[in-house]
Amino acid sequence: MFTLFLRFWFLQGVSSLGINYGQLGNNLLPPEKVLDLLSALRITKARIYDTNPQVLTAFANSGVELMVTIENAMLGQLSNPQAAFQWVTSHIKPYVPATKITSIAVGNEVFTDDDTTVLLSNLVPAMVSIQGALAQLGLDQYIKLSTPCSLAVLQESYPPSAGSFKTEVSGVMSQLLQFLQTTKAPFWINAYPYFAYKGDPNRVSLDYVLFNPNQGMVDPFTKLRYDNMLYAQVDAAIYAMARLGFNGIEVKVSETGWPSNGDENEIGATLQNAAIYNRNLLRRQLQNEGTPLRPKLRLEVYVFALFNENMKPGPSSERNYGLFHPDGTMAYNLGLSSVSTTSATTPSTTTSSVSDFSSSATKAATMEYHQSWVCWMLVCVLSFQVYMRRPF
């Protein structure tokens with residue numbers, strides 16, 4: 001019964017779960033088919049790494065909330081208010097409100113980019129200029145600006161209460177956090193427990209990074225218990241912001257995921273670990289959990305990534321983060337259309353396609369209807385019994 005409840009819940013859409021839709025591949029599904037896939041999975045939030053007109057047009061009237069991205073190389077140009085206004089006028093305004101653009105990522109991992117010095121000097125000025133352009137066009141109440149940061153911006157992250165930013169970025173970071181606080185926008189982080197495990201597999205518990213049952217760790221200063229690394233990383237970012245004097249900014253995870261394949265030296269990059277990590281993460285999102293530091297504030301997470309992208313540079317793992325192959329078949333069985341409550345098991349590959357997901361969603365929707373009917377009948381019966389027992 002609880003399994004059916006989870007399936008029912010997922011079909012309603014998990015409001016705290018999004019997915020990163022990268023497009024660095026020459027064999028990907030067209031945006032229209034991608035939208036079909038997201039619709040079948042009931043995923044209502046997605047992030048793209050540009051402002052691709054084909055995607056923005058295809059997602060019109062879909063209800064999917066989109067986070068679009070400004071490339072790092074554009075920051076210098078957009079620090080000019082007039083250029084920012086022209087950019088918003090041509091890249092955002094023509095598509096809203098039909099396309100539900102709710103966030104703009106101003107750059108990506110700017111604080112740790114190879115060209116850090118130049119980018120950092122332009123980051124906040126570009127955000128201020130774009131915010132001003134949105135305000136002039138009456139869009140600032142609907143679209144929030146932030147910039148996803150790598151956890152490499154942290155000097156300390158363990159234990160979470162020791163979280164602090166590196167000294168060399170603290171100046172611009174304070175300016176960024178002031179902007180986020182003023183505009184009531186979130187602080188986005190790209191958090192990958194996989195990298196921590198890959199870097200030190202002998203000391204980092206695999207179960208701890210995969211959300212599997214484990215002893216966890218207790219922060220010696222706060223006495224809060226952490227049973228997974230992702231939540232610890234998020235809370236470390238919260239403490240780091242507090243050390244700079246910013247306590248009320250929400251932290252959201254703009255990227256997290258696990259590669260299903262990698263080079264020989266990429267320890268942990270396996271099909272099994274990828275399925276377990278993302279499956280367990282999905283279960284947590286179904287519960288709308290918060291972190292130990294902010295248990296009542298659901299943590300919003302964007303899974304990286306929708307597809308394996310064959311044109312991404314770097315090690316093999318970079319091309320194997322996808323939940324799906326480029327043709328829409330699953331890279332591994334994540335159980336998106338039927339979430340089980342049992343422990344994560346070794347996954348097997350599958351050739352399920354987009355149409356299979358649509359079929360699964362349809363069957364589950366039918367089951368949802370019958371469950372709702374049964375619940376309604378039960379309420380009626382109980383109400384009648386209560387009425388008959390009323391004293392007159």
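## Cavities and the largest pocket

Let's start with the empty space: searching the whole structure turns up 2 cavities of 30 Å³ or more. Keep in mind as you look around that this is a predicted model.

The second largest cavity holds about 60 Å³ of space. Its lining is made up of Val-234, Ile-238, Glu-250, Val-251, Gly-290, Thr-291, Arg-294, Leu-297, Arg-298 and Leu-299. Sorted by class, the lining of this second largest cavity has 5 nonpolar, 2 polar and 3 charged residues.

Now for the open space. The largest pocket has a volume of about 1,400 Å³. It is lined by 46 residues, and those closest to its centre are Ser-150, Asn-190, Ala-191, Tyr-192 and Phe-195. Two strands, E3 (65–70) and E7 (154–156), each give two or more residues to the lining of the largest pocket, as do helices H8 (193–199) and H10 (229–243). The lining of the largest pocket divides into 19 nonpolar, 15 polar and 12 charged residues.

## Helix H6 beside helix H7

How do helices H6 and H7 cross? The axis of H6 (residues 116–136) comes within 9 Å of the axis of H7 (residues 170–183), and the crossing angle is roughly 15 degrees. Because the angle is under 35 degrees, H6 counts as roughly parallel to H7. The handedness of the crossing of H6 and H7 is left-handed.

If you would like to trace this contact in the model, look on the H6 side for Leu-120, Val-124, Met-127, Val-128 and Gln-131. Their partners in H7 are Val-172, Gln-175, Leu-176, Phe-179, Leu-180 and Thr-183. The residues of the contact between H6 and H7 comprise 8 nonpolar and 3 polar ones, with no charged residues.

## Helix H5 against helix H6

H6 also packs with helix H5 (residues 81–91), at an angle of about 55 degrees and with the two axes 8 Å apart. That angle makes H5 oblique to H6. The crossing of H5 and H6 is right-handed, whereas that of H6 and H7 is left-handed.

Which residues make the contact of H5 and H6? From H5 come Pro-81, Ala-84, Phe-85 and Val-88, while H6 provides Ser-129, Ile-130, Ala-133, Leu-134 and Gln-136. By class, the contact of H5 with H6 has 7 nonpolar and 2 polar residues, and no charged ones.

Definitions and conventions:
Residues are numbered from 1 along each chain as its sequence is written. This is a predicted model: local features need pLDDT of at least 70, side-chain atom pairs count only at pLDDT 80 or more; totals for chains, interfaces and linings use all residues. Side-chain values use heavy atoms; hydrogens and water are left out. Axes are lines fitted to C-alpha atoms, for helices over the stretch in contact, and angles run from 0 to 180 degrees between N-to-C directions. Helices (H or I, at least four residues) and strands (E, at least two) are DSSP runs, numbered from the N terminus. Angles under 35 degrees count as roughly parallel, over 145 as roughly antiparallel, 65 to 115 as roughly perpendicular and the rest as oblique. A crossing is left-handed if the near helix is turned anticlockwise from the far one by less than a right angle, and right-handed if clockwise. Contact means heavy atoms within 4.5 Å. Ala, Val, Leu, Ile, Met, Phe, Trp, Tyr, Cys and Pro count as nonpolar, Asp, Glu, Lys and Arg as charged, and the others, Gly among them, as polar. On a 1 Å grid over the protein atoms alone, a cavity is a set of points where a 1.4 Å probe fits but cannot get out, and a pocket is an open set with protein on both sides within 12 Å along at least five of seven lines; lining residues have an atom within 4 Å of a point. Grid points are joined across faces, edges and corners, and a volume is the space filled by probe spheres set on the points.
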